[in-house]
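Please keep the sequence and the structure side by side while reading the numbered points of this note.

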Amino acid sequence: MRQHVLTQRERLLLTGNEAIARGAYEAGVKVATGYPGTPSTEILEALARTEDVYVEWSTNEKVAMDVALGASLGGVRALCTMKHVGLNVAADTFMTASYTGVGGGLVVVSADDPGMHSSQNEQDNRYYAKFAAVPLLEPSDSSEAKEFTRLAFEVSERFDVPVLLRITTRIAHTRGLVELGPRQEPASMGYVRDPRKYVMLPAYAQKRHPVVLSRLSRLQEFAASPEFLRWELRDRAVGVITSGVCYHYVREVLPEASVLKLGMTYPLPLEQIRAFAREVERLFVVEELEPFLEEMLKAEGLAVEGKAFFPRQGELSPDLVREGFVRVGVLLPAESRAMSEVPTTPRPPVLCPGCPHIVPFLALRRLGAVVCGDIGCYTLAALEPLQAMDTCVAMGSSIGMAVGLAKAGSAPGPVVAAIGDSTFIHAGIPALVDAVYKQADITVLILNNGTTAMTGGQPHPGTGLTIRGGQTKALDLVALCRAAGVEHVHVVDPYDIAATFVAIEEAIHHQGVAVVITNRPCVEAPVKIRDNPFIVVPQKCIACQLCMNLGCPSISWSVETYEGRPKVVIDPATCTGCTVCAQICPTDAIQLFPSPRAVPGEKAGQSRG
Ligand SMILES: Cc1ncc(C[n+]2csc(CCOP(=O)(O)OP(=O)(O)O)c2C)c(N)n1
């Protein structure tokens with residue numbers, strides 16, 4: 001997204017995420033917060049490329065929501081972005097923000113991930129809008145993503161309510177034409193002191209709940225505004241109520257059907273929906289994931305059909321919508337034309353060549369640890385060949401689960417929590433404090449690669465960098481662990497295999513909570529790290545396969561064999577020169593590539609101490 005003085009009718013191809021950033025920018029947003037998470041991350045990254053907006057990666061989604069709410073009460077427009085599971089973390093503030101209402105407009109973006117392309121579940125966050133009694137907007141493409149975001153700030157201020165803007169992966173990452181408008185920054189409303197509205201102790205909160213409920217009925221009327229509701233009356237035999245990306249699937253599959261496209265999916269414009277229902281013979285709801293609309297409409301006594309024909313799990317697609325209408329009997333099987341399938345070769349996800357997470361998990365496996373893992377690149381250690389993770393549930397869960405497992409007393413080995421630096425700061429710190437407080441006998445491994453690698457390398461408080469690359473205070477992990485009461489804190493370089501094994505073994509033998517911090521920058525962030533690569537000297541390789549157990553994608557089978565077993569080769573183009581395989585090789589067959597690489601713009605031959 002570019003930020004510049006606009007010629008009025010300029011149009012750009014933007015992803016949904018960039019379009020949301022643009023909508024917020026045009027609406028004059030002053031404060032934008034969030035925590036990275038696919039598919040939401042690029043919204044804040046796009047906003048950080050503009051001026052005039054304070055943008056921050058917050059420590060976690062709850063903090064992001066608090067900062068945004070604070071800014072809103074300070075009288076300016078505020079945006080808060082996160083992936084769907086992030087709203088679970090932020091829910092405590094979100095639910096009560098519905099009671100406090102806002103100052104300047106407050107828009108919360110939930111980027112849901114039907115199909116779980118990069119998530120641990122596919123919860124349908126539309127329910128959060130109903131739960132919190134706040135309006136829910138669902139754009140169906142980039143153009144609407146921009147427009148709905150802009151309008152969301154107006155809705156927020158007009159109804160004194162946080163607005164939930166819900167997108168899905170398809171909307172977030174698909175490009176579409178967006179017409180740009182100028183930035184219009186409303187004057188700050190200033191901070192208005194109003195404890196009865198903003199101090200939610202029971203006596204005041206009890207008075208706010210009726211306000212929340214009466215606001216809902218006003219919002220219900222507003223949901224029928226033309227910006228958010230589109231009637232498309234065509235053939236009356238079939239009517240479809242839909243929203244978001246599903247609107248496009250329906251239009252593609254049943255171009256002649258009548259469609260009621262909802263932009264505001266909570267609260268529902270029930271009168272308009274009833275009127276639409278009267279116009280058509282058979283009424284369907286096409287929606288991804290849960291029967292959110294369908295159940296609300298059935299509760300209103302409307303004869304709608306939906307999940308009986310369309311899956312409740314995973315993403316919908318034109319093919320799935322077509323199949324559904326074939327089952328309905330609206331399309332004949334012959335008319336059902338399957339999209340041509342392009343065969344793809346399945347490729348398992350792997351850690352990167354030179355990833356500093358490899359060796360600690362090799363050690364954990366060798367030491368027979370029971371590993372409560374966490375969410376990040378290192379979760380791939382659960383897969384072959386490392387297979388060194390036993391649990392992974394939600395961000396920050398590793399330490400608490402390790403405490404529980406240790407207290408259960410049934411673990412067949414030492415209990416270890418393995419957690420990335422960003423995840424530790426996000427939700428691991430309270431659990432570490434708890435572990436010390438409970439005198440749990442666990443080891444906590446903090447995999448410090450100096451970035452939030454999984455989501456593309458965003459800075460976090462441990463990095464000492466802001467979202468725009470500026471310098472700020474860096475959190476001292478060692479001091480923090482000690483302050484939490486951990487007596488055994490050991491820092492180690494995970495490229496040093498022997499030292500890493502010793503550090504983890506010592507920590508495991510320590511009575512009580514022990515922390516090992518593995519310090520090594522991610523090889524991909526903030527810049528690609530490439531040292532002189534290694535190669536395999538074929539004459540020396542005895543095909544022992546030890547290096548293969550690292551799971552490094554630069555190492556593969558050779559056509560040459562030794563005693564019937566394949567030898568290995570290293571691809572010098574992808575090898576980062578981390579030295580780990582060379583350390584593990586028993587015959588010294590892995591040696592430095594003879595001519596040092598010099599790649600322009602990369603840190604060739606650097607020391608990574
Ligand atoms: C509540 C929640 N917020 C955000 C995410 C997205 N996410 C997955 S892992 C991760 C952090 C990874 O960083 P780190 O722990 O440092 O591990 P790394 O990937 O760098 O190894 C994030 C932000 C999520 N899964 N859940």
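1. In this predicted model, strand 16 (residues 415–420) is largely enclosed by the rest of the structure, because six of its six residues are buried, each having 20 or more other C-beta atoms within 10 Å of its own. Val415, Ala417 and Ile419 point one way from strand 16, whereas Val416, Ala418 and Gly420 point the other way, and all are buried.

2. On the side of strand 15 (residues 370–372), strand 16 takes part in a parallel pairing over three bridges, in which Val415 of strand 16 is the bridge partner of Val370. The connection can be followed through helix 15 (residues 397–408), which together with strand 15 and strand 16 makes a right-handed β-α-β unit.

3. Strand 16 also pairs in the parallel sense with strand 17 (residues 443–448), here over five bridges, and Leu447 in strand 17 stands opposite Gly420. Helix 16 (residues 421–437) belongs with strand 16 and strand 17 to a right-handed β-α-β unit.

4. As for the wider arrangement, the domain assignment gives domain 1 (11–222), domain 2 (229–335), domain 3 (358–519) and domain 4 (534–592). The centres of domain 1 and domain 3, taken over C-alpha atoms, are separated by 32 Å, and the contact takes 14 residues from domain 1 and 14 residues from domain 3.

5. On the side of domain 1 that touches domain 3, the elements giving two or more residues are helix 2 (42–48) and strand 3 (54–57), with strand 3 providing the largest share, three residues. The residues of this side divide into seven nonpolar, six polar and one charged.

Notes: Residues numbered from 1 in each chain as written. Predicted model: local features only at pLDDT ≥ 70, side-chain atom pairs only at ≥ 80, totals over all residues. Buried ≥ 20, exposed ≤ 12 C-beta atoms within 10 Å, placed from the backbone. Helix = DSSP H or I, 4+ residues; strand = E, 2+ residues; numbered from the N terminus. Pairing = 2+ DSSP bridges. Right-handed = clockwise from strand over helix to strand, strands pointing away. Domains from an automatic or database assignment. Contact = placed C-beta atoms within 7 Å. Nonpolar A, V, L, I, M, F, W, Y, C, P; charged D, E, K, R; others polar.
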